[in-house]
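Colleague: Could you pick out one part of this for me and go over it closely? I'd like the details, not a tour.

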Amino acid sequence: MMKLVKIYVDGSCIKNPGPGGLGVFLKYKNYKKIFKKGFYLTTNNRMELMAAIEGLKLLKKSCKVKIITDSKYLKLGISIWIEKWKKKKWKTIKRKKIKNLDLWKKLNKIKKKHKINCVWIRGHSGNYENEICDKLAKSAAKDPNFVDYKYIKK
């Protein structure tokens, strides 16, 4: 039986494009891990995708994964668009180049290991884990050299 892991993700950019950061809050039973990472030049959408990629990279085994995001771009991309893009040889329906293709391909490769359900929630709506991810992403954007992992036990 596969473990069910929840991964909350968020991305942030000070200017778009500009310095950015990502925040991840991973939960499995009583085990919790938070992660943040900053980048010098990026976009908000790239940070949303990178947060999902980094969250999935934390998993050592195949799992059922519930990704919780306030990004409709990530939610629709991972749930619907990615399969359509693959059928069209990584092009849009209008045969245009896909933005952030490098990250969509990474996400596609990593997600093959897991059974993923991506859920959209409204940002800044009081969801504790999403608020933590938002704070992590914003603080990482202010210090692009910063990478931090923390384990939390309750």
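Modeller: In helix α1, M47, E48, L49, M50, A51, A52, I53, E54, G55 and L56 are buried, meaning under 20% relative accessible area with a 1.4 Å probe, protein chains only. That's 10 of its 14 residues, so α1 is mostly covered. Helices here are DSSP runs (H or I, at least four residues), and strands are E runs of at least two, both numbered from the N terminus. α1 covers residues 44-57 and reaches 20 Å from first C-alpha to last, close to the 20 Å expected; the expected span is 1.5 Å times one less than the number of residues.

Bear in mind that this is a predicted model, with local features needing pLDDT of at least 70, side-chain atom pairs 80 or more, and totals for chains, interfaces and linings using all residues. Numbering runs from 1 along each chain as its sequence is written, and side-chain values use heavy atoms, leaving out hydrogens and water.

For another helix, take α4 (residues 128-142): its 15 residues should span 21 Å, and the end C-alpha atoms are 22 Å apart, which agrees. Buried there are E129, N130, C133, D134, L136, A137, A140 and A141. Seen down the axis, they fall within an arc of 165 degrees (taken from the directions from the helix axis to the C-beta atoms), so they line one face of α4. That set packs against β1 (4-13), β2 (18-28) and β3 (31-42), with contact meaning heavy atoms within 4.5 Å. On the other side of α4, Y128, K135 and K142 are exposed, i.e. over 50%.
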